[in-house]
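Reader: Please take one part of this model and go through it closely, setting the surroundings of a single residue against the fold around it. I would like the cut-offs stated wherever a term depends on them.

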Amino acid sequence: MSETLRSRRVRYLAWLCVLVGLVLVPLPFWTGTSTLAACEFGGFYGAVYDAVGIYPPGYTVDIDWSDLQVVWSDGCNGHVSSLVPSLLGGTLSLVGVGTLAWRRR
């Protein structure tokens with residue numbers, strides 16, 4: 001196999017690691033359990049909640065390292081999700097970026 005073809009494959013795999021990692025990092029915030037309470041807020045923050053689903057004054061994120069979980073609240077509903085996809089995604093992204101940086105030298 002020629003060096004150019006091998007370099008291209010390594011570069012493509014590194015970019016794939018970065019992209020897949022960036023998709024996996026926020027995955028716990030898109031999935032997981034929820035209390036599914038109906039909340040209505042007024043004013044500016046109510047408009048923000050209606051637009052993006054987060055009530056800024058009540059937004060919290062806690063990481064439970066012993067259970068590898070993300071426990072977060074959007075200001076109305078509580079959510080519990082696994083931290084494993086975020087850790088895997090972060091690791092993949094770092095490996096991809098490290099490979100790209102190493103190949104540039």
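Author: Of the contacts in the protein with a separation of 6 or more, 54% are between residues 24 or more positions apart, a contact being a pair of heavy atoms within 4.5 Å. The model is predicted, so local features need pLDDT of at least 70 and side-chain atom pairs count only at pLDDT 80 or more, whereas totals for chains, interfaces and linings use all residues. Residues are numbered from 1 along each chain as its sequence is written, and side-chain values use heavy atoms, with hydrogens and water left out.

The protein has four helices and four strands, where helices (H or I, at least four residues) and strands (E, at least two) are DSSP runs numbered from the N terminus. Their order from the N terminus is α-α-β-α-β-β-β-α. The four strands make an open sheet in the order S1-S4-S3-S2, with antiparallel pairing; two strands are said to pair if DSSP finds at least two bridges between them. S1 and strand S2 (59–64) are the edge strands, each pairing on one side only.

The part to examine is the hairpin of S3 and S4, which has three residues between its strands. These two strands are joined in the antiparallel sense over five bridges, among them the one that sets Gln69 opposite Ser82 in S4 and the one that sets Trp72 opposite His79 in S4. S4 is also joined to S1, antiparallel again, by two bridges, and here Ser34 stands opposite His79. The side chains along S4 alternate, for His79 and Ser81 point to one face and are buried, while Gly78, Val80 and Ser82 point to the other and are not. Buried means under 20% relative accessible area, exposed over 50%, and partly exposed in between, with a 1.4 Å probe and protein chains only; across the protein, buried residues make up 22% of the 105 residues.

Within the hairpin, the residue to follow is Ser73, which belongs to strand S3 (residues 69–74). Ser73 counts as buried because its relative accessibility is 18%. Its side chain makes two polar contacts, that is, pairs of N or O atoms within 3.5 Å in which, within protein, one atom must be able to donate a hydrogen and the other to accept it, residues adjacent in sequence counting only if both atoms are side-chain atoms. A polar atom of the Ser73 side chain lies 3.1 Å from the backbone nitrogen of Gly75, and the side chain of Ser73 also reaches the backbone oxygen of Asn77 at 3.5 Å. Gly75 is in the turn and has a positive phi of about 100°. Beyond its neighbours within four places in sequence, Ser73 is in contact with Gly58, Tyr59, Thr60, Gly78 and His79.

The loop between S3 and strand S4 (78–82) also holds Cys76, which is linked to Cys39, 37 residues away in the loop between strand S1 (33–34) and helix H3 (43–52). Cys39 and Cys76 form a disulfide with their sulfur atoms 1.3 Å apart, the rule being a pair of cysteine sulfur atoms within 2.5 Å, and by this rule the count comes to one. The disulfide is right-handed because the torsion about its S-S bond is about 65°. Cys76 is buried, since its relative accessibility is 18%, whereas Cys39, at 23%, is partly exposed.
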